[in-house]
Amino acid sequence: MSQAREEIVPGKVVQLNDFILRVTAPNPGMMTGPGTNTYIIGSDSLALIDPGPESAPHLSAMLDAVGERLKWILCTHTHLDHSPGASALRAETGAELLGFGAVPDDGRQDTGFAPDRTLRDGDVLDCGAFRLSAVHTPGHASNHLCYLLEGERWLFTGDHVMQGSTVVISPPDGDMIVYLKSLERLLDLDLAALAPGHGHVIEKPHDEVRKLIAHRLKRERKVLDAFGTKNPATLDDMLPLVYDDVPQRVHPVARRSLHAHLIKLQRNGRVTEESGTWCLRS
Ligand SMILES: [Zn+2]
């Protein structure tokens, strides 16, 4: 996987191994890193994971890479940088579209997402030469699925795990309690690599997942500590205290994850909330 560390360039097809290609959409940004990764799996009949946003150049990059061989399009979840590209790709190729299905719109959803077949936890897609099994991993999004390529033991993680940055958890569809449970679930799987929706392949899956869990718990500790400075406190009071280690331009996004941490602590009985003011219980 020596090529895995080359700079990620939108539209460039990268061969990750004999069986897996990656082509990245031209949507780099604060939330998307170098852009959304589309993975293409197989040799004769192909499955494609996460067609990305609606994008004419990305559609032609995907079509060039798959030729006539695309049979299945899978989406990890229905945020706007992952699934909207599916409609045009399905129309061009006739491939079957699969995913968990849409969830109530929170302003971040591809509301037009209509899979030909819905997948649930444990469902296996038999692609002849290979099999992909669906692993329900809610937390970032309630309809989030990771896909495990059996045999190779590669897990396509969408936005459950990103490389190079942590994932935003935006309530109400995003949920920190279930996110942590879904991370722990990955520790029970025998995995060789994580192929994230953004960034490079991660080669030590369990080490990375343990790091992510520790990072979230450390942030939760900072939330509790912030009440030592101000109690009760609003989200805006807490934001600069809890995220003093990240650039200010990231704060609007971090605010959503802060909210998710506070909801977790509230459900655990550690804090209370009244009209947007949070209070540590003594
Ligand atoms: Zn997402």
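In this predicted model, the largest nonpolar core holds 26 residues, and those that touch the most other members are L74, L132, Y147, L149, W154 and F156. Several strands contribute to this core: strand 1 (14–17), strand 3, strand 4, strand 5, strand 9 (131–136), strand 10 (145–149), strand 11 and strand 12 (193–196) each supply at least two of its residues. The largest share, three residues, comes from strand 10. Apart from this core there is a second, separate one of 21 residues, whose members include C146, L148, Y179 and L191. As a general background to such groupings, nonpolar side chains in soluble globular proteins tend to be buried together.

From the cores we can turn to helix 1, which spans residues 56–66 and in which H58, L59, A61, M62, A65 and V66 are buried. When one looks down the axis of helix 1, these buried residues fall within an arc of 160°, and they therefore line one face of the helix. The face turned away from that buried side carries the exposed residues A56, P57 and D64. Among the elements that cover the buried residues of helix 1 are strand 2 (20–24), strand 3 (37–41), strand 4 (46–49), strand 5 (70–74) and helix 2 (86–93). The two ends of the helix also deserve a look. At the N-terminal end, S55 acts as a cap, with a side-chain oxygen that lies 3.1 Å from the backbone nitrogen of H58, while just after the helix G67 takes a positive phi of about 55°.

The next stop is the zinc ion. Its protein donors are H77 through NE2, H79 through ND1, H140 through NE2 and D159 through OD, and they lie 2.1 to 2.3 Å from the ion. Along the sequence, these donor residues follow the spacing H-x1-H-x60-H-x18-D. Ideal angles for four tetrahedral donors at a metal are 109.5 degrees. At the zinc ion, however, the angles among the four donor atoms run from 86 to 171°, and the site is irregular. Because its relative accessibility is 1%, H77 counts as buried, and H79, with a relative accessible area of 10%, is buried as well.

One further histidine completes the tour. H160 is found in the loop between strand 11 (154–158) and helix 3 (176–186), and because its relative accessibility is 0%, H160 counts as buried. If its neighbours within four places in sequence are left aside, H160 is in contact with T137, H144, C146, V167, Y179, S182, L183 and L186. Two of these partners, C146 and Y179, are included in the second core.

How values were computed. Residues are numbered from 1 along each chain as its sequence is written. This is a predicted model: local features need pLDDT of at least 70, side-chain atom pairs count only at pLDDT 80 or more; totals for chains, interfaces and linings use all residues. Side-chain values use heavy atoms; hydrogens and water are left out. Buried means under 20% relative accessible area, exposed over 50%, partly exposed in between (1.4 Å probe, protein chains only). Helices (H or I, at least four residues) and strands (E, at least two) are DSSP runs, numbered from the N terminus. The arc is that of the directions from the helix axis to the C-beta atoms. Contact means heavy atoms within 4.5 Å. A polar contact is a pair of N or O atoms within 3.5 Å; within protein, one must be able to donate a hydrogen and the other to accept it, and residues adjacent in sequence count only if both atoms are side-chain atoms. Donors are N, O and S atoms within 2.8 Å of the metal (3.2 Å for Na, K and Ca); water is not among the atoms, so sites may look incomplete. Four donors count as tetrahedral if all angles lie between 85 and 135 degrees; four count as square planar and six as octahedral if opposite donors are over 155 degrees apart and all others between 65 and 115; anything else is irregular. A nonpolar core is a set of buried Ala, Val, Leu, Ile, Met, Phe, Trp, Tyr and Cys residues joined through side-chain atoms within 4.5 Å.
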